[in-house]
Amino acid sequence: MKNIFKLFITAIILLNVSFVSAQQKKNILFIAVDDLKPTVRAFGDEFAQTPNMDKLAESGFVFNSNYVQQAVCGPSRASVFTGWRPDRTMVTDLKTLIRDKNPDVVTMPQYFKENGYYTYATGKIYDPRSVDKEYDAISWSEPYVSPYLLPGSGGDPIIGYYQSEEHKMQRHLYEKMADAKGLTGNKRNAFLRKSFKPSTEKADVPDDAYYDGRIANDAIRKLDELSKKEQPFLLMVGFKRPHLPFAAPTKYWDLYDAGDIDLAKYQKHAKGGPAIAYHNNGELRSYTDIPKAFDENGILNKAKQRELIHGYYAATSYVDAQIGKLLDKLKEENLSDNTIIVLWGDHGWHLGDHGLWCKHTNFEQATRSPLIIIDPSKEPGKTNIPVESLDIFPTLCELVGINAEPTSQGISLVPFLDGGETEKKYAVSQWPKRNINGMGYTIRTEHYRYTEWYEKYESTSPRSDKNIVASELYDYQTDPLETKNLVHNKKYAAVLAEHKALLHSFLEAQEGTAMGMVEVSPTLNEISGKPKGTPIKELVDANFNSDSVYIGSTVAYGYLRTPSADLLAQQFSYTTPENAGKQSTVNPKPGVWRWDKIDEIIRYAEKNNITVRLHGPISPQASKWAKTDSRTADELLPVMTEYMTKQCQHFNGNKTVKWMDVVNETVNKDGSWFGPKPGVDQWENPWLKIGLNSDGYPIYILKAFEIANKYAPDIKLVYNQHLGMEPEGWEKVKETILYLKEKGFRVDGLGWQAHLRSDTPLALSEKELSYFGELIDWAHANDLEFHVTEIDYRINDGNADAAALKKQADAYANILKVLLSRKNTGVVTYNTWGLLDGDENSEHHNLSRFIFDSNLKAKPAYYAIQKTLANPDNLDLAIPRASTVDDGKNKLKNAGFEKGMNSWVKFGEVFIENQGAQRSGESGLKINQDKSGIKQKVKVKAHTDYVLTAWIKTQNNEEVKLKVKIEGQKGFTEKTTDNDYRKIQMEFNTGEAKEITVVCSKWNTGNSAAWVDDFYLIPVKK
Ligand SMILES: [Ca+2]
């Protein structure tokens, strides 16, 4: 007892250590700034007044050449927050919803949330035009609140933007004019929009008169709360300026002297540049003071240019000040050392270069945006190597130690933060041209930019040079302002060829990556057609009480996004994840937690209304590291405790998860505890090392149930066991469950992993099926549900021919029938372990085991289950019966048998099968003459119990004998003289003998016949 006490103390200490390390998972503050180009001093802009962003740059890593994937809010943000390129998100405009096109996409905040983060957004993160009204609720730990609802000074800015008295008065005048004109509804709005929407505003108001001040306040308030949570957080703060209109408090305008403002040096189109590369400044022109400021050549007058540039810098400094408030708050809450910060602009901005304003191009000024990543544990640094904004998502994953979201198209930039580089040395951006149903793609290397404009083409479809309508090449070493398109300059032929090849190979690699096209595998119906008859889940709904009968199948992670997943959802409303929930997947190494796969399965289940039983028990299949190293009991207990606790916390409260296996494979067939096997590290149970309590029960079992009881109060707890029908094993399991209950632990169900094999035909033996029934009865009598947690049937002693598949089908059906015969005394569930044979996506694809074949065609086993569920009142077991085998059938039928005739009988573990004989009729082998019948020598195992079974019918009360002769023993005889069709069974032990003789013969005199059927001999498992 003393030792156990010591062990628990150690466990508690180690447990605390592990919780501390869990707490140390870094927080993330993601700051998105709308329309911010690198007008930041740290990015080389000496005019900018951006002390706070500069401070960030000093302590973090500056990506001086970060390029967005499409230079406009919605598509750029959709790309960054999914890690997908715009052609894959299919969000290339300002109206497509990300999830309309990609319902199952896992976004950055959603992914962090699923990986244990508390996620919160304030301000503009997703472009609201790319998400639903709930702002993609699945992304956030609490509902998103629009910035328009946040409190602040001065009331709501008019039209969402303006706070100056002058502007308010002007607007009021226009409203009066609208009233005077009798305008209402849309006409009134259109009139007001056309009449009043200035491009800048300078107002002597506090920061929180505009929304960015309110957003900063909300973020600060939230940091207060988040600092008190144990959970790491992802706080996403999206500032709305320096997007137009440039409305900012006067003090930020006053940071700049208007006289010092330089206008863009080069305001013309590039020499040799194609018209398609430019636009007409439509966004800017929508501001009411703008159209009259353009001259006849489309150039804005200098005063307005200066005002706009001034405004852009003022708005940037205004946002910079808000960022400063966040940094101060982080420091105040002692979060600076444990929080990763990302500063990102959603794209650049043309401030008059090329005569362009705003974004919407493939040029340098529109595609380049500031990116700074601060990991407090890493040294600051800077690179000019081009990177892509969609790299941020995988970078953050690596920085906090979770796997990158598997579909991500970006790469982690962590090598830069560690002083190295990545292999990708280019960035690609794109801009659509809808009038030609085309797209411009631009590739930026360290010194050059090469752009191709295509008609009728997007990168996810096959590329052809024929669709190219224009191309551009710029050399930033000699021409940073993009004044000359060099595609036709012979000096650049090599550069051009290199960039063309790079861009083409990039584009061609994108082929087929659009989500609609990735699923190129044929649909379920194209492969197999629907199985005939009613899907299983519909039969369950129609014929059973949905709370007491569940029929399911196992889902492998690899099934997802394949027709197998469709098949499963079509047929079942209950599932068990194969290995995705096991410790070997979730917690493969100390400190490594990978919930991604199991979470994706849970999402699939949620979406398809499928109830889940989690199969991640404390079992032999523990993490490899727990098995292969030589951990002591003192070390194993905290490991197990941490895993079990996290597993319970992760899933408790999830409405889709109804059951959880708590332990599995706790005992051996002989009733001994399953533990370490010396010299084996593959299939042993390390947890037994933790020891037994004073009553002789494994501490790990008690601990697992203690944790599950505490942290998974909403999930039903299953004691699962992998056995045949060995009473010694099951008695031990029963005893242990009763002990757990006596100790006050909730145990809700007993589970049986029914891994059946054709060479140990448990499910085809009446005796074993009868024991199975008793086991269910015991469970129900003890207030436990009964779960057939994993049923499969391996044909591993021959070909999966028709006869073998029939037996397989009978085996599946027999287990189900015994289970359903108990449906009124308690809950019964049935889960096939795997759905289809030969699926490489599954880890259990060998052998014929499952209910669909590798082409997703239903096997006889499927139809046997279907038939059983369709006829719940007919639960007769399909026990194999003797038969006239094919080759002898015609010859022997009604021919009678002579003594010693044996060519038609096969013994051993192979059954004599009834091929269509009816119990009520004259079936099987007809024995006409007295003293004739079956006599055969059979090889057997010594010291083994066998049972010999025969179904016999006599016609006129003939006497039929069944006899077994064992060398050195007396013969055993059973007789019948029954005109009913009835079974005779004899059980015996072979002793020393390795061969026996079995006889079935007619003995009395008479002319009438007898029939023998279903004649088989099998060893009895004990
Ligand atoms: Ca933007």
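Where does Pro242 lie? That was my way into this chain, and I found Pro242 in the loop between S6 and strand S7 (246-249). A reminder to myself before going on: I am reading a predicted model.

**Entry: the loop after S6**

I looked at the peptide bonds here. The one from Arg241 to Pro242 is cis, and its omega is near 10°. Further along I came to Leu244 and Pro245, which are also joined by a cis peptide bond, with omega about -10°. Pro245 has its place in the loop between S6 and S7, and that is the loop where I had found Pro242. I jotted down the reason for flagging these: most peptide bonds are trans.

**Entry: the whole chain**

I stepped back for an overview. I read off 30 helices and 33 strands in the chain. The chain has 1022 residues, and 60% of them count as buried. I then checked how contacts are spread along the sequence. Taking the contacts with a separation of 6 or more, I see that 75% are between residues 24 or more positions apart.

**Entry: the open sheet**

S6 led me to a sheet. It is an open one of seven strands, in the order S4-S6-S1-S8-S11-S2-S12, and the pairing is mixed. At the edges I have strand S4 (118-123) and strand S12 (381-383), each pairing on one side only. From one strand to the next, the twist averages 10°.

I zoomed in on one pair. Strand S1 (residues 27-33) and strand S6 (residues 233-239) run parallel, joined by six bridges. For Ala32 I looked up the bridge partner in S6, and it is Gly238.

Next I looked for helices against this sheet. Helix H12 (residues 302-332) packs on it and touches S1, S6 and strand S8 (339-345). I noted about 170° between the direction of H12 and that of S1. Helix H14 (residues 392-400) packs on the sheet too, and there the strands touched are S1, S8 and strand S11 (371-374). The direction of H14 makes about 170° with that of S8.

**Entry: the calcium ion**

Which protein atoms are donors of the calcium ion? I listed Asp34 (OD), Asp35 (OD), Cys73 (SG), Asp346 (OD), Asp346 (OD) and His347 (NE2), so Asp346 is in my list twice. These donors lie 2.1 to 2.6 Å from the ion. Along the chain, I can write their spacing as D-D-x37-C-x272-D-H.

I looked at the geometry as well. The six donor atoms make angles of 53 to 160°, and the site is irregular.

Are Asp34 and Asp35 buried or exposed? Both are buried. I checked Cys73 too: its relative accessible area is 2%, which is under 20%, so I put Cys73 down as buried.

**Entry: cysteines**

I searched for disulfides and the structure holds zero. While on cysteines I also looked up Cys648, which counts as buried because its relative accessibility is 0%.

**Entry: the barrel**

I found a closed barrel of eight strands, running S18-S19-S20-S21-S22-S23-S24-S25 with parallel pairing. Neighbouring strands in this sheet are turned by 25° against each other on average, direction ignored. I picked out one pair: strand S22 (residues 716-722) and strand S23 (residues 749-757) pair in the parallel sense over five bridges. What is the bridge partner of His722 in S23? I found Gln753.

**Entry: positive phi**

I went looking for positive phi values, with this in mind: most residues other than glycine have a negative phi. Ile159 is not a glycine, yet its phi is positive at about 50°. I placed Ile159 in the loop between S4 and helix H7 (165-180). At 37% relative accessible area, Ile159 is partly exposed.

His354 went into the notebook too, with a positive phi near 60°. I traced His354 to the loop between strand S9 (350-351) and strand S10 (357-358). His354 is buried, with a relative accessible area of 2%.

**Entry: Arg449**

Last, I looked up Arg449. This residue has its place in strand S16 (residues 448-454). Is Arg449 buried or exposed? Its relative accessible area is 1%, so I logged Arg449 as buried. I also took a distance: C-alpha to C-alpha, Arg449 and Asn362 are 9.5 Å apart in space, and in sequence they are 87 residues apart.

Key:
Residues numbered from 1 in each chain as written. Predicted model: local features only at pLDDT ≥ 70, side-chain atom pairs only at ≥ 80, totals over all residues. Heavy atoms only, no water. Donors = N, O, S within 2.8 Å, 3.2 Å for Na, K, Ca; no water. Tetrahedral: all angles 85-135°; square planar, octahedral: opposite > 155°, others 65-115°. Buried < 20%, exposed > 50% of the residue type's maximum accessible area, 1.4 Å probe, protein only. Pairing = 2+ DSSP bridges. Helix = DSSP H or I, 4+ residues; strand = E, 2+ residues; numbered from the N terminus. Axes fitted to C-alpha atoms, helices over the stretch in contact; angles between N-to-C directions. Contact = heavy atoms within 4.5 Å. Disulfide = S-S within 2.5 Å.
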